[in-house]
Amino acid sequence: MALVEVKVPDIGDFDEVAVIELLVKVGDTVKAEQSLITVESDKASMEIPSSTAGVVKELRVNLGDKVKEGSVVLVVEAAGAAAAPAAAAAAPVAAAAPAPVAAAAPVAAAALSASGPIEIHVPDIGDFKNVAVIEVFVKPGDSIKVEQSLITVESDKASMEIPSSHAGVLKELKVKVGDTVNIGDLLAILEGTVSAAAAPVAAAASAVAAVATAAVAAPTAVAAAVAAVAAPAHAPGAPTLGLPHASPSVRKFARELGVPLEELKGSGHKGRITQDDVQTFTKSVMSGATQTKAQAAKGGASAGGDGAALGLIPWPKVDFAKFGPIERKEMGRIKKISGANLLRNAIMIPAVTNHDDCDITDLEAFRVSTNKENEKSGVKVTMLAFLIKACVAALKKYPEFNSSLDGDALVYKNYWHIGFAADTPNGLMVPVIRDCDKKGVLQISAEMSELAKKARDGKLGPAEMTGATFTISSLGGIGGKYFTPIINAPEVAILGVCKSTMEPVWNGKEFVPRLMLPLSLTWDHRVIDGAAAARFNAYLGQILGDFRRVLL
C-alpha cells in the first residue's frame, strides 16, 4: 500500500477558487474519478475528482479554503497499481488537444464576416453530451453584448454558462429550461453587425482547446473549466431566474426527487444547499409538516381562507370583540397542516358513509381473557388490534377498498398497512402499522402502543406516518354513536368506530343483552359503490362476531 497525494487537476484559467463543499471524510473509501470536493468561481462550480482509488487518510482542505491547480486535496492509501491512472492518462491527453484548436479559425472567421441575422451555437464544452439547460438569462428583444451569458447548462458534475459570441438584438431563442444541448446546437438568432467580436471569440476558442487537454486526466473538471474561459458571469442587468446556491450533484439529486431548490434554505457554507437539506425538506413534505408552493396553490383555501380559489362567496369577516370579551390563540402546527389536508379531502372526494352495528360480545370476552393470560408480558390487547386484523381480512376479500385512484386508473396494493388516528396534545396524528397481514394481534398491540406514545411525545418520523392503505379512526371509550370520518387521501376508505354499548338484541325467541360496536364506513364513491360498501361492512361484522373467520 502507498500513500498518494490527490491534487487539483488543470481546471482552466483560474488562479484560485473557493472550496464550498466537502464530499468525503477521513476513513472513506473512494473510487477513481469519484468527486471529492466542490469548488466555485464567480462563473462556474465544479466537482474535483480523485485520480486514485483508496482510503482517505488525510484531508488537506477545509470549507472556505482557496485552491488552484496542483493544490493537494487529500491523501489516500492506495495499492501501488491504483496510483497509476492519473499518470497513465497523460499520454493520450496531448493527442486529444488538436481537434478543438483547429476549430478556432472558422469560429473567428465567422465572427469577422457576420452581419444581419446571426446564429449563436453551443461552443465546445468538453467531453460532455446532452447537458441540461437549467437557466435562461435572456428573452427575445433583449440587446445582447459579446460574451454575455445566455443560458446555464449542467451535467452531473459541473454547471457552466454559455456566452454569446456576437452582439445584437435577440430575435429568437431556440432552447428552454429542461432542454438538452450538445456542441454545435443552435441556441439563438441575433440581429446586428458584430465584426468586433472576432478577437474575443477566437481567444475563447483557443482557451477552450487548451482546457480540453484535461478531458482524459480529469473529465469531471473539464466542463467547468471550459465555462470559466468561455462563459463570464452574468452581464450587469441581465435577467436571471436566480439559480439556487447548490452544487451540480445536489441540484441533480433535487431534480430526481422533485424538490424545488428555490424554496430551501441552505445550511452549508454561505447558505449553500446541501444534500442533507434536500433530504430534510423531502421528509418534511412527506410528513405534511411543510407544503411546497405548488402544493399550496393546488390546495385551495384553508379553513380560514376566503374560498376564492374554489369560486365560493367570501368567508365572513367579523369583529367578534364588539359582542364581548375574546381571546385569540394561534392554531398549532399539526392542526394547521391537518386542517388543510382535511379540507382538500372533504371537498375533492365524493364521500358516502354507511353506519352499522356489529356484535362483539364473544370477542370482548376473548380479549379480556387474553389480557389476563398475558398480564406478565406487559402487552395490553385493545379492541382496535382485533379491528385491524379484521379489516385486513375484509380488505383482502374486497381489494378495491385497498386501492388508490391514479388519474383514470386504480392502483391495487398488495400490501396492507393500516393507519390509526391518535389523539395527541398537539392534534390528530395517524401512525401506520405496516404489513398487518403478517403480524398477530399481540404484535400489532405492542406496535400500536409504541407508536401512540411516540405520537403523544411528538417523536413520530415521516416513515411512521406514510404508506397507509386504509385508516381506522376510533373514538374508543369516549362516547358517541356514529360519525362521518374524512377519508385520508390517497386512500379510498376509512372506518370510524365509536364506544361499544350493551343493548337488547332479539335472537328469534327473546331479547338478550349483547355488546354492540357502532361502525361508520366512509368510502369514495368514484371507486366504490353502495352495494360493495354494504358487503364490506357486513363481512367485517361477521369477522368481529366470530373471529375464527380471520383464519379462512
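This short presentation describes a predicted model of one protein, from its overall make-up to a few individual residues.

Good morning, colleagues. Let me begin with the overall figures. The protein has 552 residues, and 43% of them count as buried. Its secondary structure consists of 14 helices and 27 strands. The exposed surface comes to about 27700 Å², of which carbon and sulfur atoms supply 56%. Turning to contacts between residues at least 6 apart in sequence, 64% join residues at least 24 apart.

I now come to an open sheet. Eight strands make up this sheet, in the order S7-S2-S4-S5-S13-S12-S10-S15, and their pairing is antiparallel. Which strands stand at the edges? They are S7, residues 66-67, and S15, residues 180-181; each has a single partner strand, so one side of each is left without a neighbour in the sheet. At one of these edges, S7 pairs with strand S2, residues 17-22, in the antiparallel sense over two bridges. Within that pairing, Ala18 has Lys66 in S7 as its bridge partner. A helix also packs on the sheet: H7, residues 248-257, touches S2, S5, S10, S12 and S13. The direction of H7 makes about 105° with that of S5, the strand at residues 45-49. As general background, strands of a sheet pair through backbone hydrogen bonds, either parallel or antiparallel.

Next, I would draw your attention to strand S8, residues 72-78. Is this strand largely enclosed or largely open? Six of its seven residues are buried, so S8 is largely enclosed by the rest of the structure. Strand S1, residues 2-7, pairs with S8 in the antiparallel sense over six bridges. Strand S6, residues 54-59, also runs antiparallel to S8 and is joined to it by four bridges. Val75 in S8 is the bridge partner of Glu5, and Val75 is likewise the bridge partner of Glu58.

From a buried strand we move to the surface. Val318, Phe320, Phe323 and Ile326 form a nonpolar patch there, with about 450 Å² of accessible area together. Phe320 lies in the loop between helix H9, residues 293-298, and helix H10, residues 333-348. The relative accessibility of Phe320 is 53%, and because the exposed class begins over 50%, this residue counts as exposed.

A loop residue may also be buried, and Asp142 is an example. Its place is in the loop between S10 and strand S11, residues 143-144. Asp142 has a relative accessible area of 15%, and it is buried because that value falls under 20%. Asp142 and Leu190 are 48 residues apart along the chain, while their C-alpha atoms are separated by 9.6 Å.

Finally, some remarks on backbone geometry. Most residues other than glycine have a negative phi, and most peptide bonds are trans. Where does this model depart from that pattern? One instance is Glu33, whose phi is positive, near 75°. Glu33 lies in the loop between strand S3, residues 29-30, and strand S4, residues 35-40, and is partly exposed at 30% relative accessible area. Asn130 likewise has a positive phi, of about 55°, although it is not a glycine; this residue is found in the loop between strand S9, residues 115-121, and S10. As for the peptide bonds, the one from Ala489 to Pro490 is cis, with omega near 10°. Pro490 is found in the loop between strand S24, residues 470-474, and strand S25, residues 493-497.

Thank you for your attention.

Technical notes:
Residues numbered from 1 in each chain as written. Predicted model: local features only at pLDDT ≥ 70, side-chain atom pairs only at ≥ 80, totals over all residues. Heavy atoms only, no water. Pairing = 2+ DSSP bridges. Contact = heavy atoms within 4.5 Å. Axes fitted to C-alpha atoms, helices over the stretch in contact; angles between N-to-C directions. Buried < 20%, exposed > 50% of the residue type's maximum accessible area, 1.4 Å probe, protein only. Areas by Shrake-Rupley, 256 points an atom, 1.4 Å probe, with all protein chains shown as cover. Patch = residues over 30% accessible without salt bridge, like charges linked within 9 Å, V, L, I, M, F, W, Y side chains within 5 Å. Salt bridge = Lys/Arg side-chain N within 4 Å of Asp/Glu carboxyl O.
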